[in-house]
Amino acid sequence: MKAWIVNAQKPIEEKPLEFVENYPVPEPREKEIRVRVTHCGICRTDLHIAEGDIPLSKKPVIPGHEIVGFVDKLGENAKRFKIGDRVGISWLNSTCGKCKYCQRGDENYCPDIKRTGYDVDGGFAEYVLVHEDYAFDLRNVSLPSEELAPIMCPGITGHYAFRISGIRKGERLGMLGFGPTAYYILRVAKSMNIEVYISTRSEEHKRTAMKYGADWVGNIAHEDFPNKVDAFIFFPTAGKLVERALANTLPSATLVLGAVTMSPIIIENYTANLWGRTIKTIYQVRRDYGREFIEIADRLKLGIEKEIVKFSEIPEAMLRLKKGEINGMVQVIEIGKI
Ligand SMILES: [Zn+2]
Ligand SMILES: [Zn+2]
């Protein structure tokens, strides 16, 4: 099969992704299914994997974890799907199913978690394997596959942040940073009559946030929100802005941090800015949040402004992602349709 692999991590300008014409087609075993990939979103995590910001877990690896496609072959004990069924695959490729976290429904904390496009090969290829229980069932979903691909990562991650923020209908939500994850949160929040304030440095992101219904846009590094918020979702890695975010929350608020790394967080005024608040972080992905969000996205007919990328042009697309020059909020690779 045709595939893009990462063997040696290096800056994207030096082409860490290598094209392979005849990569072995994977064979599904036991309860695995083989999926013929039709669409795969490109994520900033793929850029980090290619460039070496995070070490490789296997070598070579096929990146890509925002996958939509059709079941193409079943392992001998796979029974959940039939050949030709449409499924989705996210970052969560499998967990052990036995540890205390898996047993109590907190599978994102499983120490044996396997991640798509990192611990196992992902979707920058014609075929990919997944355990049938970890594929999302898209048989009764009406959204087109190019919309479902980005839902597999920024969509589900946004829903995770939104859920653990505890925000309710009619309340006020603040966000810092406006990428695709924040976009999905904004769309869902506006459907629930939540007032949304967005802080971003980017003029283009300010315009997009206004277009999709943000009630206020600005930059809390320099100014306060018009009101203190009930929940705050924070995406950047700039720890120095955490106290600014907290200063714009009510004492009952939850602050959700979405980043994987963060510069030092210093809270100078505990009583004014931290007392009463709860701080949570997003950790990996969970299937229950994924299933919930796919249903919400389908009900709201959630689309996103996107750039469609040809399979042969992934390296150029990733360079545009690095430079912040993509045409739309996300990039989706079109790999082929049945
Ligand atoms: Zn991702
Ligand atoms: Zn486990």
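Contact, as the word is used on this tour, means heavy atoms within 4.5 Å. Keep in mind from the start that the structure on screen is a predicted model.

**First stop: helices α3 and α4**

Begin by selecting helix α3, residues 145-165, together with helix α4, residues 180-191. The axes of these two helices come within 8 Å and cross at roughly 70 degrees, and that makes α3 roughly perpendicular to α4. To see where they meet, show the side of α3 made up of Glu147, Pro150, Ile151, Pro154, Gly155, Thr157, Gly158, Ala161 and Phe162, and then add its partners in α4, which are Pro180, Thr181, Tyr184, Ile185, Val188 and Ala189. If you colour this contact by residue type, ten of its residues are nonpolar, four are polar and one is charged.

**Second stop: from α4 to α8**

Keep α4 selected and add helix α8, residues 287-300, whose axis comes within 11 Å of that of α4 and crosses it at roughly 65 degrees. These two helices are therefore roughly perpendicular to each other, and α4 passes α8 in a left-handed crossing. Here Tyr184, Val188 and Ser191 in α4 meet Phe293, Ile296 and Leu300 in α8, a contact that divides into five nonpolar residues, one polar residue and no charged ones.

**Third stop: the zinc ion**

Now select ligand 1, the zinc ion, and ask which protein atoms serve as its donors. They are SG of Cys43, NE2 of His65 and SG of Cys153, which lie 2.0 to 2.2 Å from the ion. Along the chain, the donors follow the spacing C-x21-H-x87-C. Cysteine 43 sits in the loop between β3 (32-42) and α1 (44-51), whereas histidine 65, 22 residues apart from it, sits in the loop between α1 and β4 (67-74), so that the pair links distant parts of the chain. Are cysteine 43 and histidine 65 buried or exposed? Both of these residues are buried.

**Last stop: alanine 135**

Finally, move to the loop between β8 (127-131) and β9 (136-137), where alanine 135 is found. This residue is buried, because its relative accessible area is 4% and buried means under 20%. Leaving aside residues up to four places away in sequence, select what alanine 135 touches, namely Ile33, Arg80, Phe81, Val87, Gly88 and Val130. For a sense of distance, draw a line from the C-alpha of alanine 135 to that of isoleucine 308, which spans 23 Å in space, while the two residues are 173 residues apart in sequence.

How values were computed:
Residues numbered from 1 in each chain as written. Chains lettered and ligands numbered in written order. Predicted model: local features only at pLDDT ≥ 70, side-chain atom pairs only at ≥ 80, totals over all residues. Heavy atoms only, no water. Donors = N, O, S within 2.8 Å, 3.2 Å for Na, K, Ca; no water. Helix = DSSP H or I, 4+ residues; strand = E, 2+ residues; numbered from the N terminus. Buried < 20%, exposed > 50% of the residue type's maximum accessible area, 1.4 Å probe, protein only. Axes fitted to C-alpha atoms, helices over the stretch in contact; angles between N-to-C directions. Parallel < 35°, antiparallel > 145°, perpendicular 65-115°, else oblique. Left-handed = near helix turned anticlockwise from the far one by under 90°. Nonpolar A, V, L, I, M, F, W, Y, C, P; charged D, E, K, R; others polar.
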